Amino acid sequence: MSVAPPATEAPAPQVGDTPAEGTGARLLRVLLTQRIALLAVLIVAVVVTFFIQDAGGYLTAPYDFDYMSAALINAVPLAMLGLAELLVILSGRGGIDLSVGAIVSLAGMVFGFLYGEWGWPLWMAIVATAAFGALCGALNGFLVSYIGFPALIATLATYYAFKSLAIVINNQEPISTPPIQKLFSLSRSVELPLFGRYVPDVPLGIFTFLLPTAVLVWVLLARTAYGRRLYAIGTNDVAARWAGLPVRDTRFKAYAYAGLLSGLVAVVTVGQFASARPDAGVSGGGMALPAITIAVLGGVAITGGIGRVAGVVLATLLIVWLNAGILLAFVGNAGAQYQLLALGSVLVFAALLNGLTNRRYGGSR
Amino acid sequence: MSTTAVDRHGRPDAGPPPGAPVPPRSRSRASVLPSPMTGQEMVLVAVVAALWVVLGLTTPAFLTAGSLQPLLVATAPIALVGVGMTIVIITGGIDVSVGAAIMVCSVVTAKVLVTDEVNLAVAVLLSVAVGGLLGLINGVLIAYGRVHAIIITFGTANLFLFAGLQIFGSSTVNGIPNTLDFFGRGPGGRTWGVPHAFLLTVLVTALAWWYLRHAAGGRHFFAVGGDAHAARLAGVRVQRRVLLAYLTTGLLVGLASCFTIAQGTSTLDQSVGTGKELAVIAAVVIGGTSIMGGRGSVLGTLLGALLVQSVSSGVTQLGWRSQLSDLFVGIFIIVAVGADLLRARARRSR
C-alpha cells in the first residue's frame, strides 16, 4: 500500500545513534533491526515457556525434545513453501504467489498418477513432479514477467485454474494405491548416525527434502550471480534494467523456482497423507497464506529485495514449535483455534514491528 | 504503474483539485472525469449478455425466473462486499480478511437470532455494527500503523477466524428463525420477481458509483491510490480516506453476512465465508479495477460478480462438474486483466 513506507530493515546508523549508546539501547536496536536475532530470542522464549508449563503439569502431554522433534514433520512443507514465497517476494514489484497451494494439489495428483497408477520409478516420478510444478510456476512467471500482470492477479487466476484442474483430473477421487500408501515411510522418524542415541529421532523428510532445499536456495541466493540479480531487481527494477540486468528473465525464473519447490512439497504431502488428495494444498485456508505468513515473519519485505533463507527457516521453527505447544495446552480442538490466534497475533505484531523499526532506525522519511 | 496517474484519455487523472471548490460549470467538470462507462464495463456487459444467450439456447431452463432469481441472490453478497473491496483497492490497498469477517458477522447474527429472536432491523443493524468494528480494526492498523495492507489483513483474518470459531463453540448454529427471509431465496425475498438482496446491492453500487465519481471525498480515494504522497501534499487527509475505505468494507461485509444467512438453511456451519475473499477480489479485478490503485469502478465489480456467478450457474446447468467453474474464473481473470493491460499499453504508445 502506498501509504506505508517501504519496509526496509537496513539499519541507518546516522539516524539518532548517539556515540554513547547504552547496552540496553544497543540490544533493542539489534533485536529490532536483525530479524534473525529476534526470531532466535522468540524461539527460546516459546520453548522455555512450554517447558515450564510442562514441568508444572499444565499440558495434556509432555512437551520435550522428542515431541519437538516429531513436530518438525510439519515444518517440511511449511518451510519449503515459505522459501518459495521468499524467492517470489524477493523479485519485487508486488511479487507474491497465491497459487503455491493449488500447485501442490495439482502436482500431487500428477505424482499420484505417475507413481501410484502408472508405476514409474520413484526418482523419475519425483523429478517429473518437480518439473511439472516448475511448469506451473513458469506459467505464473510468464504472465507476471513477460505479459506484465500484477503478481497478485496472475497467481489468483492460476490458483483457481490449478485448484479446479486438480479436482477434475481424477473425478474428485484421491489416489491411494499400494505404492502411494508405502510412501508414508517418507515421513517416519529416523535415528541420526553416530550420535543418534543421544538426541531424539528426527523426521526423515527434514534430511531428504527440507535441508537440501534450504541449502540449495541459500546457495542460489547468496552464492550465485542469479541471486545477486534477484536482490537487485527486487530492490529497484528500473535501476537493474539500466544496469543491463535481464530483469524479465530473472523474475520469470523466480516464479518457476517457486513452482518447482511447490512440486517437491506435493511429493512430501502425498507421503504424509499416504494418498494423493485433490484438495491437499487448498483445503481449509490453503497452504499459500501460511507460507506467505512465514515469509513475512521471517523478515522478507513485501516490497521486494530484502529477505534471507535463515529468517524463513527460523520463522518456520517458531511457528511449528508454538503450534505444537498450543495443541498440548488445550483440551480437544480448541488448540487448533488458538493456533489461529497465535498466527494472527504474531503476524500483526511482526508487521507493526517492521513499521516501528523503519521509523526508529532508518525509516524512509 | 505509470498508467495509474493517467486516466483513459491520457490526461492527468486529477479529479477536482482537493480542497479547492468544485468548478461550478458541470461541463468543465465532466471533461476531467472519466467517461461514465469504461471499456472494460462495456466488454463485460457484452460477455455476460453473450453468455446468457448461449446458456439460454443450450439449456432452455436457464433464462427462466426459477434459474435467474437464485443467480441474482447468489451474486448479491459477493458484489456487495466487492463494492467495499473496490474502494479499498482504489486506495492501493487490499483486504484479504473479508471471508473471515463474513464468518464472524454471520455467527454473531445467527446466534442472536436464535437466542433473542430479534426482528429484522435489529439483526441487520447488529451485523453491520459487528462488520464495521472489524473493518475499523483493519483500517486503524493500516492507516495509522503504516503497514502493508495485505500483511495486516492476513493477520487479522486469522484473528477474526479465531473469534468466529470461539463464538461458534465447536459446533454449528441450529434452528435459525426465518427472520432474514426478506433477503432470501424464497418468495418473501422478492418484489416484482426481483430479489431484495440484489436490489439492495444495485442500490449500494449506484450510491457508491455516484459518490466515487462526483463527490470530492470519492475522488480523494482515487488520489490516494494514484499517489498517496502527492495527495497528502494536495491536502487530502490520506489516513482518514484509508480508514474509511476499510470501514466501508466492514459495514458492507455486515450486510452481506445477512444475505449469506438468509440464503442458507436454518443451520450455519463453520465453513461460512471460507474462500470468499478470493471470490470478491476476483470479481473486482475482472471488473477492471487496477490492483495497483488509483483506477477502478464499482459498476465493473457488480458486472464481474455477475459474470462469475453466471459461469458457475451455467457450468452446473450444463451438467459439468461444478469445480470446473473455478477454471473458467481463472481464465476470465486472465482474459479480463489481460485485455486491460493491452489497452493500457495501447494508451501509452499512442
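**Exercise 1. Salt bridges**

Determine which chains the salt bridge of B:D326 and A:K163 joins, and whether its two residues are buried or exposed.

*Solution.* A salt bridge requires a side-chain nitrogen of Lys or Arg within 4 Å of a carboxyl oxygen of Asp or Glu. The side chains of B:D326 and A:K163 satisfy this, with 3.5 Å from N to O. Next, place both residues: B:D326 belongs to helix α13 (residues 324-349) of chain B and A:K163 to helix α7 (residues 151-168) of chain A, so the pair joins two chains. Helices are DSSP runs of H or I with at least four residues, strands are runs of E with at least two, and both are numbered from the N terminus. Finally, B:D326 and A:K163 are both buried. Here buried means under 20% relative accessible area, exposed means over 50%, and partly exposed lies in between (1.4 Å probe, protein chains only).

The model is predicted: local features need pLDDT of at least 70, side-chain atom pairs count only at pLDDT 80 or more, and totals for chains, interfaces and linings use all residues. Residues are numbered from 1 along each chain as its sequence is written, chains are lettered from A and ligands numbered from 1 in the order in which they are written, and side-chain values use heavy atoms, leaving out hydrogens and water.

**Exercise 2. Two pairs in chain A**

Describe the salt bridges A:D237 to A:R251 and A:R277 to A:D279.

*Solution.* In the pair A:D237 and A:R251, the closest N and O atoms are 3.2 Å apart. This pair links distant parts of the chain, 14 residues apart: A:D237 is in helix α11 (residues 237-242) of chain A and A:R251 in helix α12 (residues 247-273) of chain A. A:D237 and A:R251 are both buried. The side chains of A:R277 and A:D279 meet at 3.4 Å, N to O. A:R277 is partly exposed, at 28% relative accessibility, and A:D279 is also partly exposed, at 29%. Over all chains, the count of salt bridges is four.

**Exercise 3. Helix packing**

How are α10(A) and α12(A) oriented, and which residues make the contact?

*Solution.* Helix α10 (residues 225-235) of chain A packs against α12(A) at an angle of about 105°, the axes being 10 Å apart. This makes the two helices roughly perpendicular. Axes are lines fitted to C-alpha atoms, for helices over the stretch in contact, with angles from 0 to 180 degrees between N-to-C directions. Angles under 35 degrees count as roughly parallel, over 145 as roughly antiparallel, 65 to 115 as roughly perpendicular, and the rest as oblique. Contact (heavy atoms within 4.5 Å) involves A:Y226, A:R229, A:L230 and A:I233 of α10(A), and residues of α12(A) including A:R251 and A:Y257.

**Exercise 4. Positive phi**

Locate A:R93 and A:A274, and state the phi of each.

*Solution.* Most residues other than glycine have a negative phi. A:R93 has a positive phi near 50°. A:R93 sits in the loop between α4 (75-90) and α5 (100-117) of chain A and is partly exposed, with a relative accessible area of 36%. For A:A274, phi is about 55°, again positive in a residue that is not a glycine. A:A274 is in the loop between α12 and α13 (288-297) of chain A and is buried, at 16%.

**Exercise 5. Chain A overall**

Give the secondary structure count and the buried share of chain A.

*Solution.* Chain A has 15 helices and two strands. Of its 365 residues, 56% are buried.
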